[in-house]
Amino acid sequence: MNRDILKDVNRVVIKIGTNSIMKSISEIDYHKMDRLAFVCATLRQQGCDVILVASGAVGVGASMMNLDEYPEDIAEKQALASMGQGELINLYSRFFQHYDQHVGQILMTRDIVNYPSSYANCKTAINSLLKNNIMPIINENDAVYVDESGHCSKFGENDTLSAVVSEVVDADLLIILSDIDGLFDANPHTEADAKLIPFVGEIDDEILNMAGGAGSVFSTGGMETKLGAAKRMMDNGKSMMIASAKDPTIVFDILEGADVGTLFKKESVELMIQGDE
Ligand SMILES: Nc1ncnc2c1ncn2[C@@H]1O[C@H](COP(=O)(O)OP(=O)(O)O)[C@@H](O)[C@H]1O
Ligand SMILES: N[C@@H](CCC(=O)OP(=O)(O)O)C(=O)O
């Protein structure tokens, strides 16, 4: 699959998982956060609209409290998220500042999917940030979500959230930076000879059967939710990449059309670029 089309991307959503910004349960990977800020700010300078979906509220909160493991209790998790989110955005804000880039925090609940006025407000808020050259940094509002049968305002993981955000802002491409190089034909952590799949043109049962759940204590979605996000993007005629978060400058390679990670793109549909009709 020729990837030259990725060179024309004008608006990109980049999602990075908790696992990728933590060295261990107690240690934040500051270098990784700095590289990510560098990449996002550089793309912005080059005229590309970038929206960052950044996980890590609970993880950063747990590291601040020196916890050995994550709590199961929802109220405890929400308290950690409340504390951790403040520190997470503080860190990103400081790293982005090195590259002369202001950031704006947006914390979402599922209300944006369920209520058209919330959706419209969210769209306006993100577009206003972009218009003013402020980098939107988005996470779920983990401290207050409700997860009850009568009312569920929870996403629960950021793969789906990042696909919804891509829809809201009409992004050309969603890049999910993960702790793995892309989609493999089986979970590489359990199948030693699993092979990377460079291109997926359709999410069918064969592809869905390859996916397993989350790979670490930090993660919530695993490959299943990433495939759900890919399907959402493809149904909207847009594309998605899964690539390794090890070195965030891989985003430059992706946008140069390099053969890295897994590209999800409907074979029959040309990547729709902002401004094209
Ligand atoms: N077919 C597959 N290909 C790649 N990874 C898979 C697959 N099935 C399950 N996984 C798991 O999904 C993990 C990536 O998802 P996740 O744990 O949510 O990480 P992240 O925090 O980066 O989003 C991998 O590390 C791996 O353990
Ligand atoms: N919103 C949560 C993260 C949820 C999530 O999806 O995490 P991840 O699987 O690491 O992308 C938090 O910030 O702790």
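**Close-ups around ligand 2**

**View 1. Ser55 and the residues it touches.** Skip the neighbours within four places in sequence, and Ser55 is in contact with Ile16, Gly17, Thr18, Asn139 and Asn158. Keep in mind that this is a predicted model. Ser55 sits in a loop, the one running between strand S4 (49-54) and H3. It counts as buried because it has 28 C-beta neighbours inside 10 Å, where 20 or more is enough.

**View 2. Asn158, a partner of Ser55.** Here we swap to the other end of the Ser55–Asn158 contact. Asn158 belongs to helix H7, which covers residues 158-169. Leave out residues up to four places away in sequence, and Asn158 touches Lys15, Val53, Ser55 and Glu140. Asn158 is another buried residue, since 28 C-beta neighbours lie inside 10 Å.

**View 3. The annotated positions, picked out together.** The UniProt record, an unreviewed entry, puts its "binding site" annotation on Ser55, Asp142 and Asn158. Along the chain they span 104 residues, yet no two of their C-alpha atoms are more than 10.8 Å apart, so they gather at one spot.

**View 4. The shell around ligand 2.** Pull up ligand 2 and you'll find 18 residues surrounding it, the closest being Gly17, Thr18, Ala57, Val58 and Asn158. Helix H1 (18-21), helix H3 (57-64) and strand S6 (135-140) are the elements that each give two or more residues to this shell. H3 gives the most, with three residues. As for chemistry, the shell splits into eleven polar residues, four nonpolar and three charged. Two of the names should look familiar from View 1: Gly17 and Thr18 are both in contact with Ser55.

**View 5. Helix H3 and what packs over it.** How many of the eight residues of H3 are buried? Seven are, so the helix is largely enclosed by the rest of the structure. The buried ones are Ala57, Val58, Gly59, Val60, Gly61, Ala62 and Ser63; Ala57 and Val58 also appear among the closest residues to ligand 2. The cover over these buried residues includes H1, strand S2 (22-24), strand S3 (27-28), helix H4 (74-98) and S6. H1 and S6 turn up in the ligand 2 shell as well.

**View 6. Just past the end of H3.** Follow the backbone out of H3 and you reach Asn66, which takes a positive phi of about 55 degrees. At the other side of the helix is the loop from S4, the one that holds Ser55.

Notes:
Residues are numbered from 1 along each chain as its sequence is written. Chains are lettered from A and ligands numbered from 1 in the order in which they are written. This is a predicted model: local features need pLDDT of at least 70, side-chain atom pairs count only at pLDDT 80 or more; totals for chains, interfaces and linings use all residues. A residue is near a molecule or strand if its C-beta atom, placed from the backbone, lies within 6 Å of it. Helices (H or I, at least four residues) and strands (E, at least two) are DSSP runs, numbered from the N terminus. Ala, Val, Leu, Ile, Met, Phe, Trp, Tyr, Cys and Pro count as nonpolar, Asp, Glu, Lys and Arg as charged, and the others, Gly among them, as polar. UniProt positions are given in the numbering used here, feature names are shortened, and annotations may be inferred rather than shown by experiment. A residue is buried if 20 or more other C-beta atoms lie within 10 Å of its own, exposed if 12 or fewer, and partly exposed in between; C-beta atoms are placed from the backbone. Two residues are in contact if their C-beta atoms, placed from the backbone, lie within 7 Å.
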